[in-house]
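Hi everyone, thanks for letting me take this slot. I'd like to walk you through one protein, piece by piece, so please have a look at the picture as I talk.

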Amino acid sequence: MIQKKYRYPSVLTIAGFDGSGGAGIQADIKTISALGCYATSVLTALPIQNTTGVKSIFSIPEEIVEKQLQTILEDIFPDAVKIGMVHTPKLVEIMVGKLKEFPPLAIVFDPVMVATSGDKLIEDKTIQTIIKHLFPLADVITPNLDEAEILAGMNIETVEDMKIAGKKIMQLGCKSVLLKGGHLKTKQLTSLYFLPDGSIESFEFPKYETNNTHGSGCTLSSAIASYLAQGKSLLEAVSLGQKYIHQAIFQGKDVSIGKGNGPVNHFFKPQKLIKNEMDR
């Protein structure tokens with residue numbers, strides 16, 4: 001009797017480090033695991049940070065990032081890829097070249113430029129390289145309002161401003177954009193998803209009184225990648241990803257971890273690893 005064999009839906013995160021455990025590659029691995037997928041990772045940078053902010057950033061040499069990426073891709077091929085901190089032009093080019101060599105099923109790019117604490121995390125000259133090479137490769141990008149203001153070259157203070165900015169960002173060559181409105185001074189959170197067909201989906205959630213949002217952007221983009229790895233459509237993955245981060249914030253809003261912006265609760269309802277039957 002031939003024993004059935006299975007595989008886990010696999011998500012590769014390419015991101016920076018967070019020793020405080022709330023953001024970056026640590027948040028990604030927690031999210032991917034909590035949603036029943038198997039997490040692999042490639043480290044791009046070593047920020048020295050905690051919940052109060054980023055103290056300094058140490059780069060991982062580009063050739064080491066490339067070797068990490070090559071080694072993972074040739075062994076555990078991902079169903080989806082989440083990309084976070086890429087802070088040099090050369091690193092962007094290396095990453096894009098390697099991903100084109102091993103085209104994955106889906107790519108989610110969180111354009112990490114500004115931390116929750118307000119610290120800028122990216123070199124200015126890198127932005128144009130990201131726009132030129134990485135935007136066309138990603139299935140969805142997930143900027144917050146600070147990042148969207150940089151990309152669209154405008155201030156964003158209202159939902160109408162978000163619509164204008166999102167359309168401008170789409171014109172940079174993106175396939176789709178989830179513009180997160182958490183920084184708007186409103187009683188409810190509104191995010192807009194700009195789809196490949198030109199339509200816009202609006203998502204609304206209540207806001208919670210909490211400082212525990214450290215790593216929420218990393219968590220959301222990893223959740224979307226995890227749902228894509230499970231075979232969900234882009235729109236469904238975006239919708240489910242937002243529901244997940246909304247609940248993760250709610251379930252961790254009254255917990256004290258650190259002296260600054262605390263983490264979300266990634267494991268409020270963890271799933272067992274999903275086992276998909278392999279073709280014989």
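Let's start at His 246, which sits in helix α8, residues 234-252. One thing to say right away is that this is a predicted model, so please keep that in mind for everything I show. Is His 246 buried or exposed? His 246 is buried, because its relative accessible area is 13%, and the cut-off for buried is under 20%. Which residues does His 246 touch, if we leave out those up to four places away in sequence? The answer is Phe 205, Pro 206 and Tyr 208.

Hold on to Pro 206, as that residue takes us to the strands. Pro 206 is in β11, and Gln 188 stands opposite Pro 206. Strand β11 covers residues 200-206, and 7 bridges join β10 to β11, with the two running antiparallel. The two strands form a hairpin with 5 residues between them, and in that hairpin Gly 198 takes a positive phi near 95°.

Now stay with β10 for a moment. On its other pairing, strand β9, residues 177-179, is joined to β10 by 3 bridges, and this pair runs antiparallel too. If you want one position to find on your screen, look for Leu 178, which stands opposite Tyr 193 in β10. How many of the 7 residues of β10 are buried? The count is 5, so strand β10, residues 188-194, is mostly covered. As a reminder from the textbook, side chains in a regular strand alternate between the two faces of the sheet.

Let's move to another strand. Ile 48 is placed in β4, residues 45-50. Ile 48 is partly exposed, as its relative accessible area is 38%. Its contacts, again without residues up to four places away in sequence, are Gly 53, Val 54, Lys 55, Ser 56 and Phe 58. There is also a link across the sequence to point out: Ile 48 and Gly 19 are 29 residues apart along the chain, yet their C-alpha atoms are 7.3 Å apart in space.

Next, charges. The model has 5 salt bridges by the rule used here, and I'll show you some of them.

One of them joins the side chains of Lys 82 and Asp 28, with 2.9 Å from N to O. Why does this pair tie together parts that are 54 residues apart in sequence? Because Lys 82 lies in strand β6, residues 80-83, while Asp 28 lies in helix α1, residues 24-34. Both Lys 82 and Asp 28 are buried.

Another is the bridge between Lys 98 and Glu 101, where the closest N and O atoms are 3.3 Å apart. These two are 3 residues apart in helix α3, residues 89-101, so about one helical turn separates them. Their surroundings are worth comparing: Lys 98 is buried, with a relative accessible area of 9%, whereas Glu 101 counts as partly exposed at 48%.

Then there is Glu 160 with Lys 163, whose side chains meet at 3.3 Å, N to O. Both lie in helix α6, residues 159-170, and they are 3 residues apart, about one turn of the helix. Here Glu 160 is partly exposed, with a relative accessible area of 49%, and Lys 163 is partly exposed at 31%.

Let's go to the surface. Tyr 8, Tyr 38 and Leu 273 make a nonpolar surface patch of about 270 Å². Of these, Tyr 8 is found in the loop between β1 and β2. Tyr 8 counts as partly exposed, since its relative accessible area is 36%.

Finally, let's zoom out. The protein has 8 helices and 12 strands. Its C-alpha atoms fill a box of roughly 60 × 40 × 40 Å along the principal axes. How does that fit a compact globule? With 280 residues, such a globule would have a radius of gyration near 19 Å, and the protein has 18 Å, so the two agree. Of those 280 residues, 52% count as buried. Among contacts between residues at least 6 apart in sequence, 70% join residues at least 24 apart. The accessible surface comes to about 13,100 Å², and carbon and sulfur atoms account for 52% of that surface.

That's my tour, and I'm happy to go back to any part of the picture.

Methods:
Residues numbered from 1 in each chain as written. Predicted model: local features only at pLDDT ≥ 70, side-chain atom pairs only at ≥ 80, totals over all residues. Heavy atoms only, no water. Patch = residues over 30% accessible without salt bridge, like charges linked within 9 Å, V, L, I, M, F, W, Y side chains within 5 Å. Areas by Shrake-Rupley, 256 points an atom, 1.4 Å probe, with all protein chains shown as cover. Salt bridge = Lys/Arg side-chain N within 4 Å of Asp/Glu carboxyl O. Helix = DSSP H or I, 4+ residues; strand = E, 2+ residues; numbered from the N terminus. Buried < 20%, exposed > 50% of the residue type's maximum accessible area, 1.4 Å probe, protein only. Pairing = 2+ DSSP bridges. Contact = heavy atoms within 4.5 Å. Rg over C-alpha atoms; globule rule 2.2 N^0.38 Å.
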